[in-house]
2 protein chains.
Amino acid sequence: MSTSRKPQGGTTRRGFLSAAGGAALAAGAIRPAVSAGPENLPPNVPGWSRYLGSGVDAYPYGQPSSFESHVVRRNVAWLTASVESSVNFTPLHELDGIITPNGLCFERHHAGIAEVDPSDYRLMINGLVDKPMIFTLDDIKRFPRTNKIFFLECAANSGMEWRGAQLNGCQFTHGMVHCVMYTGVPLKLILEEAGLKTNAKWLMVEGADAAGMNRSVPLDKALDDCMVAFKMNGEALRPEQGYPLRLVVPGWEGNMWIKWLRRIEVGDQPWHTREETSKYTDLLENGKSRRFTWAMDCKSVITSPSPQAPLLHKGHNILSGIAWSGRGTVDRVDVTLDGGRNWRPARIDGPSFDKAVHRFYFEFDWQGESLLLQSRAIDSTGYVQPTKDELRAVRGTNSIYHNNGIQTWHVRGNGEVENVEVS
Amino acid sequence: MSTSRKPQGGTTRRGFLSAAGGAALAAGAIRPAVSAGPENLPPNVPGWSRYLGSGVDAYPYGQPSSFESHVVRRNVAWLTASVESSVNFTPLHELDGIITPNGLCFERHHAGIAEVDPSDYRLMINGLVDKPMIFTLDDIKRFPRTNKIFFLECAANSGMEWRGAQLNGCQFTHGMVHCVMYTGVPLKLILEEAGLKTNAKWLMVEGADAAGMNRSVPLDKALDDCMVAFKMNGEALRPEQGYPLRLVVPGWEGNMWIKWLRRIEVGDQPWHTREETSKYTDLLENGKSRRFTWAMDCKSVITSPSPQAPLLHKGHNILSGIAWSGRGTVDRVDVTLDGGRNWRPARIDGPSFDKAVHRFYFEFDWQGESLLLQSRAIDSTGYVQPTKDELRAVRGTNSIYHNNGIQTWHVRGNGEVENVEVS
């Protein structure tokens, strides 16, 4: 088929494509073909319309199209000393909706991917319980289950940006977030099975990886909405997400969502592990650290246009992005095209779940002018996503974690997009 | 770690694991380890807790655990003459929640998988429109988008079961259904862009595969909730699901959800294509066929226990299954353990979306007795899923399509499960 025909701008009813693309055909050019016989095929019929393709035995577990091979998680070699204690990033600029497919959920490991044999998997509960217990995976699957969609964000997401615009692409500035449907057991039921002693106040949750990753979780949170999950988006957890069992700590920093969960110790005070003292705390200007910064504050980012997703057409365009809050739902997202002088409401589309990613869209006309794009999310508590400067005024610039500041993309006249800051 | 310790039945608060599993430990056996140093590790520490695993550069696009290699789509060689015009089945017995991961969505092709180059992709609109048009994929992505979760069921799902219990496993009896989140453009907007003539009443939708798959869709449905989708579960459509663009016809038989959509012709009457005359119609006992049986009626199936997911433990067990309706939400699912003498309500868990899969659970105690398991769904229109005999009384047994009858699984004393019928 050809697209060399001249577009007929301004003649459409809705006019989405009035400035470019969406080629209109002279009515006479189309024969009213009613059957699919070869004599009625449009011109330049491609091979895929002529020959049989692969059969149903070709891909027992399906894979993306080879034309999508650029849509992958990417790591940044200079960011960490080793690939085993490192991170890669979700390609947010290529995704849509609110679900992250399992193969593209970012990874953050402290000792690489623990490849756990599920038949040898055990979860131990000890400490201030009536009856210390060890569970097999089958044991866990005999508790009542629940299904919930939650975002997971690494506390260090956007961490490089504390010191100004650094990384070029929302995959790298904001790609330590994903959102999937978990199936698992409310942690409350597991703890009740072991029986909590009256002085129980805290949990120490520990992973089976070689880092023995561990964090303290207050009991109130554990009894509220934490889960031990064995499925993500319907299938078994992926190895890099904690197969066969991970902790789900809705709305709280990803580091607490212990993967390959092997032990829960119940205690009466926090453990102050490495991961909540020398790491995953925010060092303020006065030399003190913020303590227990668990909840991920409301945040948003425009995923397209963005440095990896430039503007391709003048005329009608769609701006898209995601927003989330560790404290509830996202009630509103505003968008500016001029660096914050004028804000207009974006359209939130799709399901709105507590502590889950929300998708927003904003339609705009572009004629090649320079743009400064920003999004600003407001959650169900009324909290408004701050600017990066507002955050710095309170927290200084020593921080690595919890940067939920407003992101700015500069769209150049040629449609290219770069990471910038505006004051 | 060891699980050879004797379970202490009857001492738990909730008692989920009272009959087997969930080994309780003598309290003295556990040292109150507070750090993750080697001296505090539990006994028999496995390799994944001792050595570094793969790094973040290992799997740019992630894959399931090697321990899950049995969780795949499966075809049945004798069912069709070729693998290019055939089907494979979603492993429902291994899944949970309401989302089907993209790699496990069943496939039904009529000429194999069309491997379409997205840069050469075109969608043509012709017929009773003001302005015939050809769209590129980029053109489509400039229309306003929406995100919706829908089930897709092949009309032939459970088709073998018209003549009694045939296939052993819900993967094979019910695995021609999946449920994903689609991102796409309301078809209404595309049609409005071309401009519908006043006598427009029907669409002929046509695929770019070598089968030139085509179906007639009434305009009212097209304008109501149909979409042209380019994403599933956040990422690009998979090749076998119509990459780069498929039609979404919520609640209606999968055959109408044209994959690799290349053309939409607008007309004033149905086309009566092969796929809605000699195929995808139900031949009744009187020699006449049911005409235009588009909507998939309310249906459910117990996915575990099922022939591929036997009962492993006496005592507390979880029954799980899925239910869906092409006419709305599922409001209620009842479950029987005794072939229909006693029905009890199952618990529907997770989001309830219009024309989407719903997940249900039922907890029961099993002491090795023979069971006849059934589920019965009721949708938001009040329609009650019928028995297979009730369907046969109305439609006879010539049919292949639209078997939404109640499925029975016989659980034997050893926990094995088989496909049976009860009258």
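Two residues are taken to be in contact if their C-beta atoms, placed from the backbone, lie within 7 Å. On this basis, 100% of the interface residues of chain B are also interface residues in chain A, so the copies meet through the same surface. The model in which this is seen is a predicted one. The predictor assigns the complex an ipTM of 0.92 and a pTM of 0.92.

Confidence was examined for chain A. The average pLDDT of this chain is 91, and 90% of the residues score at least 70. Two stretches with pLDDT below 50 may be named. In residues 1-14 of chain A the pLDDT is below 50, and the stretch has 30 contacts in the model beyond near neighbours in sequence. In residues 26-38 of chain A the pLDDT is likewise below 50, with 12 contacts in the model beyond near neighbours in sequence.

The relation between the two chains was considered next. Two copies of a chain are related by a rotation about an axis and a shift along it. Here, a turn of 180 degrees with a shift of 0.0 Å along the axis lays chain B on chain A with an RMSD of 0.0 Å. This is the relation of a two-fold axis. Within chain B, the C-alpha nearest the axis belongs to B:Pro101, at 3.7 Å from it. Across the interface, 122 residues of chain B are in contact with 123 residues of chain A. The side of chain B that touches chain A is made up of 55 nonpolar, 37 polar and 30 charged residues.

Within chain A, the domain assignment gives domain 1, covering 83-290, and domain 2, covering 299-420. The centres of domain 1 of chain A and domain 2 of chain A, taken over C-alpha atoms, are separated by 27 Å. Contacts between these domains involve 33 residues of domain 1 of chain A and 34 residues of domain 2 of chain A. On the side of domain 1 of chain A that touches domain 2 of chain A, the elements giving two or more residues are β7, α2 (170-174), β8 and β15 (282-283) of chain A. Helix α2(A) supplies the largest share of this side, four residues. By class, the side of domain 1 of chain A that touches domain 2 of chain A holds 18 nonpolar, 10 polar and five charged residues.

Strand β7(A), one of the elements on that side of domain 1 of chain A, was examined further. Eight of the eight residues of β7 (residues 146-153) of chain A are buried, so the strand is largely enclosed by the rest of the structure. Residues A:Thr146, A:Lys148, A:Phe150 and A:Leu152 point one way from β7(A), whereas A:Asn147, A:Ile149, A:Phe151 and A:Glu153 point the other way, and all are buried. The charged side chains of this strand thus have their place in the two buried sets, with A:Lys148 pointing one way and A:Glu153 the other. Strand β7(A) runs antiparallel to β8 (residues 177-186) of chain A, to which eight bridges join it. In this pairing, A:Leu152 stands opposite A:His178 in β8(A).

Two open sheets of chain B were also described. One consists of three strands in the order β2-β3-β4 (chain B), with antiparallel pairing. Strands β2 (74-75) and β4 (108-109) of chain B stand at the edges, each with a single partner strand, so one side of each is left without a neighbour in the sheet. Two bridges connect β2(B) with the antiparallel strand β3 (residues 86-89) of chain B. B:Asn75 is placed opposite B:Asn88 in β3(B).

The other sheet has five strands in the order β20-β19-β23-β24-β25 (chain B), again with antiparallel pairing. Its edge strands are β20 (344-345) and β25 (417-420) of chain B, each of which pairs on one side only. Five of the seven residues of β19 (residues 330-336) of chain B are buried, so this strand is largely enclosed by the rest of the structure. On one hand, β19(B) is joined by two bridges to β20(B), antiparallel to it, and B:Asp334 has B:Pro345 as its bridge partner in β20(B). On the other, six bridges join β19(B) to the antiparallel strand β23 (residues 371-379) of chain B, where the bridge partner of B:Arg332 is B:Ile378. Towards the edge formed by β25(B), four bridges join that strand to β24 (residues 408-411) of chain B, and the two run antiparallel. B:Trp409 has B:Asn419 as its bridge partner in β25(B).

Key:
Residues numbered from 1 in each chain as written. Chains lettered and ligands numbered in written order. Predicted model: local features only at pLDDT ≥ 70, side-chain atom pairs only at ≥ 80, totals over all residues. Pairing = 2+ DSSP bridges. Buried ≥ 20, exposed ≤ 12 C-beta atoms within 10 Å, placed from the backbone. Domains from an automatic or database assignment. Least-squares fit on C-alpha atoms with pLDDT ≥ 70 in both. pLDDT = per-residue confidence, 0-100.
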